[in-house]
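Please examine the sequence and the model shown below. The paragraphs that follow lead from the open spaces in the protein to its overall build and then to a few individual residues.

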Amino acid sequence: PFGRVACGVDMTFDFGTLIAHAAKTRALGAGTIVGSGTVSNRDADGGPGKPIAEGGVGYACLAELRTVETILRGAAETPFLKAGDTVRIWAEDDKHHPIFGVIEQTVG
């Protein structure tokens with residue numbers, strides 16, 4: 001697993017703030033979808049998160065992990081996805097019920 005992040009934690013701007021800001025500059029009709037981008041969690045000491053294999057909750061974005069690797073180790077170590085790799089994502093609520101099902105894609 002790459003990440004088991006808690007998306008409601010560690011957001012720089014929560015969804016209420018994002019929606020309020022967006023509503024200042026455009027009309028938001030019923031059914032508007034507001035996305036935040038990826039959300040990864042900080043480590044217990046407040047620093048960047050850690051991979052699951054190192055006791056952290058992992059990441060929600062390869063670019064973020066590669067940036068943390070570069071800062072901590074001088075170079076990115078994790079490769080980008082390549083043809084044949086499969087990504088499987090899902091989200092659960094606080095009772096571990098699926099929110100939208102599973103999305104699975106293989107890189108072509």
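A pocket is here an open set of grid points with protein on both sides within 12 Å along at least five of seven lines, and a residue counts as lining if it has an atom within 4 Å of a point. The coordinates to which this is applied are those of a predicted model. Rolling a probe the size of a water molecule over the atoms shows where empty space is left.

Which residues line the second largest pocket? The lining consists of Asp10, Met11, Thr12, Phe13, Leu18, Ser36, Thr38, Val39, Ser40, Arg42 and Glu64. Sorted by class, these comprise four nonpolar, four polar and three charged residues. The volume of this second largest pocket is about 200 Å³.

The largest pocket, for its part, holds about 1200 Å³ of space. Its lining is made up of 32 residues, and Gly3, Val5, Ala60, Ile89 and Trp90 are the closest to its centre. Two elements give two or more residues to this lining, namely β1 (86-92) and β2 (98-106). Strand β1 provides the largest share, with seven residues. In terms of class, the lining of the largest pocket contains 19 nonpolar, eight polar and five charged residues.

We turn now to the chain as a whole. The protein chain contains two helices and two strands, and along the sequence these elements follow the pattern α-α-β-β. The C-alpha trace spans about 45 × 35 × 30 Å along its principal axes. Of the 108 residues in the chain, 12% are buried. The accessible surface comes to about 8000 Å², and carbon and sulfur atoms account for 58% of that surface. When contacts between residues at least 6 apart in sequence are considered, 31% of them join residues at least 24 apart.

One link between separate parts of the sequence involves aromatic rings. A pair of aromatic rings is described by the distance of the centres and the angle of the planes. How many aromatic pairs does a search of the whole structure find? The search yields one. This pair is formed by Phe2 and Tyr59, with 6.4 Å from centre to centre and 50 degrees between the planes, and is classed as tilted. Because Phe2 lies in the segment before α1 (15-25) and Tyr59 in the loop between α1 and α2, the pair ties together parts that are 57 residues apart in sequence. As to solvent exposure, Tyr59 is buried, with a relative accessible area of 4%, whereas Phe2 is partly exposed at 36%.

Helix α2 covers residues 62-73 and includes Ala63. The relative accessible area of Ala63 is 40%, so this residue is classed as partly exposed, the category between under 20% for buried and over 50% for exposed. From Ala63 to Val107 the C-alpha to C-alpha distance is 17 Å, while the two residues stand 44 apart in sequence.

The last residue to consider is singled out by its backbone. Most residues other than glycine have a negative phi. His96 is not a glycine, yet its phi is positive, at about 65 degrees. Where is His96 found? His96 is part of the loop between β1 and β2. With a relative accessible area of 61%, His96 is exposed, because that value is over the 50% cut-off.

Technical notes. Residues numbered from 1 in each chain as written. Predicted model: local features only at pLDDT ≥ 70, side-chain atom pairs only at ≥ 80, totals over all residues. Heavy atoms only, no water. 1 Å grid on protein atoms, 1.4 Å probe; cavity = no way out; pocket = protein on both sides within 12 Å on 5 of 7 lines; lining within 4 Å. Points joined across faces, edges and corners; volume = space filled by probe spheres on them. Helix = DSSP H or I, 4+ residues; strand = E, 2+ residues; numbered from the N terminus. Nonpolar A, V, L, I, M, F, W, Y, C, P; charged D, E, K, R; others polar. Buried < 20%, exposed > 50% of the residue type's maximum accessible area, 1.4 Å probe, protein only. Contact = heavy atoms within 4.5 Å. Areas by Shrake-Rupley, 256 points an atom, 1.4 Å probe, with all protein chains shown as cover. Phe/Tyr/Trp six-rings, centres within 6.5 Å; stacked < 30°, edge-to-face > 60°.
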